[in-house]
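Dear colleague,

I am passing on the structure we spoke about, with some notes on what turned up in it. Please read them alongside the model itself.

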Amino acid sequence: MLNLDASTQAMLLAGLSLLWKIMATAGIVVVTGRLARSAGPVLTSVLVALPVNAAPGMFFVALALDADFVTEGVLYSMAGAGPVLVYLTVFVQAARLRNFYLALPIGLVGWIFAAWLIAGLQLNVVSALLCVASGVIFAMLFNRRLPGDLKTVPVAAGWRYLLIRGGVAGILIVAIATVAGDIGPVAAGLLLSFPTTLSTTGWMLNGHYGLGFVAATYSSARKALSLYVLFCLILLGFITVLPGPLAVVAAFAVVAMIGAVFAVLFVRIRARGLV
């Protein structure tokens with residue numbers, strides 16, 4: 001055992017905790033990027049739409065803050081699926097500009113405006129779901145066919161490429177979770193629903209697989225986002241009977257199993273040539 005004073009031990013433990021959080025979050029992004037080529041846009045959208053952004057963030061928040069804070073944050077995070085649908089829809093349309101770095105900020109402006117509208121509301125489960133429904137209506141109204149001439153590449157992304165981008169995603173998500181207690185549950189919930197993983201995964205996919213793959217993944221993610229909403233609803237139920245961190249893990253496990261069942265069914269249907 002190293003003979004360290006209390007303050008040094010506290011700093012060491014804090015550093016190790018921060019490193020673990022970044023690595024855990026980054027690992028999810030890396031796995032998604034590595035499987036993207038073989039999975040295709042539809043299954044990749046399922047991976048991206050799983051609460052890989054909010055779940056780690058909520059877990060870290062639940063470790064430090066009480067259940068009431070987490071519950072209010074989850075309500076705003078669930079409502080935040082509406083602005084995420086706006087982001088995805090606007091991005092897909094802006095992809096016609098043939099430039100990811102133009103489409104990304106245009107999509108994020110849509111998210112910022114929609115999230116700003118939600119931030120001023122007093123939410124319960126019903127009103128949070130109405131916010132999601134508003135995003136669904138927006139996506140339906142502005143749903144158009146993707147450009148057909150956007151290309152992809154046939155080679156899987158390399159590990160170094162994925163690790164760098166996964167690290168960026170991990171740092172962003174952990175930063176939000178770390179300051180959650182200072183910014184309050186409303187801002188924390190909306191920021192945890194912010195398309196951090198979607199944006200960084202899109203950046204990763206664009207750099208290697210092409211803008212067409214990103215646009216197709218985002219288009220499919222609008223439907224797969226129902227998994228995220230389901231996660232929030234299950235978490236709201238679990239947190240009334242389980243400790244906060246355990247409730248987050250249990251809710252994520254349930255939604256992950258549902259996503260896995262869909263993936264298996266889709267693979268079997270695709271193997272039969274039905275899609």
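A contact here means that heavy atoms lie within 4.5 Å. On that basis, among contacts in the protein chain between residues at least 6 apart in sequence, 83% join residues at least 24 apart. Please keep in mind that this is a predicted model.

As for the overall make-up, the protein chain holds 11 helices and zero strands, and buried residues account for 50% of its 275 residues. The accessible surface of the protein chain amounts to about 13,400 Å², with 71% of that belonging to carbon and sulfur atoms.

Turning to the interior, the largest nonpolar core contains 62 residues, and the members that touch the most others are Met-58, Met-78, Tyr-87, Phe-91, Tyr-218, Phe-231 and Leu-235. Once neighbours within four places in sequence are left aside, Tyr-218 is in contact with Tyr-87, Leu-88, Phe-91, Val-92, Leu-198, Ser-199 and Gly-202, and of these partners Tyr-87 and Phe-91 are also listed among the core members that touch the most others.

A further residue that I looked at is Thr-89, which is placed in helix H4, spanning residues 81-94. Thr-89 has a relative accessible area of 1% and is therefore buried, the cut-off being under 20%. The side chain of Thr-89 reaches the backbone oxygen of Leu-85 at 2.8 Å, while, not counting residues up to four places away in sequence, Thr-89 touches Phe-138, Ala-139, Phe-142 and Arg-222.

With best regards

Notes:
Residues are numbered from 1 along each chain as its sequence is written. This is a predicted model: local features need pLDDT of at least 70, side-chain atom pairs count only at pLDDT 80 or more; totals for chains, interfaces and linings use all residues. Side-chain values use heavy atoms; hydrogens and water are left out. A nonpolar core is a set of buried Ala, Val, Leu, Ile, Met, Phe, Trp, Tyr and Cys residues joined through side-chain atoms within 4.5 Å. Buried means under 20% relative accessible area, exposed over 50%, partly exposed in between (1.4 Å probe, protein chains only). Helices (H or I, at least four residues) and strands (E, at least two) are DSSP runs, numbered from the N terminus. A polar contact is a pair of N or O atoms within 3.5 Å; within protein, one must be able to donate a hydrogen and the other to accept it, and residues adjacent in sequence count only if both atoms are side-chain atoms. Accessible areas come from the Shrake-Rupley method with a 1.4 Å probe; for residues, only the protein chains shown count as cover.
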